[in-house]
Amino acid sequence: MTIHVRRLQRGSEAEFVLGLEWLFAPPGSRPVDWDHDRAVERTTQLLAHEDVALFEARSDEDQLVGVASVYVDILSVRFGRRASIEDLAVHPEWRSRGVGSSLLAAVRAWAHDQGADYVFLESGLARTGAHRFYLREGATHAAAAFRWSSAQ
């Protein structure tokens, strides 16, 4: 079994968004204002940005088995250029088969090529399995994240 990771191509936006929806299964949850069509439209817009990369992982049979997005987003006074992994989702039947590691390697390599000094990822508190994976992949648990949304 080989996992093929590549940059997302135009025309695959809807399938990419379906991959993101794997994040909604427990312990995750669907965002309150989730709109599939709007997400597809945003994905199309992101493909035009040079500081964003969207990746897909496919099986030998060309089945979508994982997706990831990474953004070079800020230049921090303290830490240098940061890249953020916004999404990393693996099909439930393909977890623990190297898909996440392959996607993570691809997004980290892309971020490095873009001049990022470090890569940042937020993960929901309930995603303890994902946290174990990130630690195995060499991440450090460095901070707690807090957010405010426009709906508040």
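**Two helices and a charged patch**

Ala14 lies in helix H1, which runs over residues 13-20. The model here is a predicted one, and Ala14 makes a handy place to start looking around. With a relative accessibility of 37%, Ala14 counts as partly exposed, because that class covers values between 20% and 50%.

Moving along the chain by 23 residues leads to Asp37, and the C-alpha atoms of Ala14 and Asp37 are separated by 8.2 Å. Asp37 belongs to a helix too, namely H2, made of residues 36-46. Asp37 has a relative accessible area of 59%, so it counts as exposed, the cut-off being over 50%.

Asp37 also has some charged company. Together with Asp33, Asp35 and Glu41, Asp37 forms a patch of negative charge on the surface.

Now for the whole chain. The protein chain contains four helices and five strands, and reading along the sequence gives the pattern β-α-α-β-β-β-α-β-α. The radius of gyration is 15 Å, close to the 15 Å that the globule rule gives for 152 residues, so the protein chain is as compact as a globular protein of that length. Taken along the principal axes, the box filled by the C-alpha atoms comes to roughly 45 × 35 × 35 Å. As for what is tucked away from the surface, buried residues account for 35% of the 152 residues in the protein chain.

Note on methods
Residues are numbered from 1 along each chain as its sequence is written. This is a predicted model: local features need pLDDT of at least 70, side-chain atom pairs count only at pLDDT 80 or more; totals for chains, interfaces and linings use all residues. Side-chain values use heavy atoms; hydrogens and water are left out. Patches are made of residues with over 30% relative accessible area and no salt bridge: like charges are joined within 9 Å, nonpolar side chains (Val, Leu, Ile, Met, Phe, Trp, Tyr) within 5 Å. Accessible areas come from the Shrake-Rupley method with a 1.4 Å probe; for residues, only the protein chains shown count as cover. A salt bridge is a side-chain nitrogen of Lys or Arg within 4 Å of a carboxyl oxygen of Asp or Glu. Lys and Arg count as positive and Asp and Glu as negative; His and the chain ends are not counted. The place of a charge is taken as NZ of Lys, CZ of Arg, CG of Asp or CD of Glu. Helices (H or I, at least four residues) and strands (E, at least two) are DSSP runs, numbered from the N terminus. Buried means under 20% relative accessible area, exposed over 50%, partly exposed in between (1.4 Å probe, protein chains only). The radius of gyration is taken over C-alpha atoms; the globule rule is 2.2 Å times the number of residues to the power 0.38.
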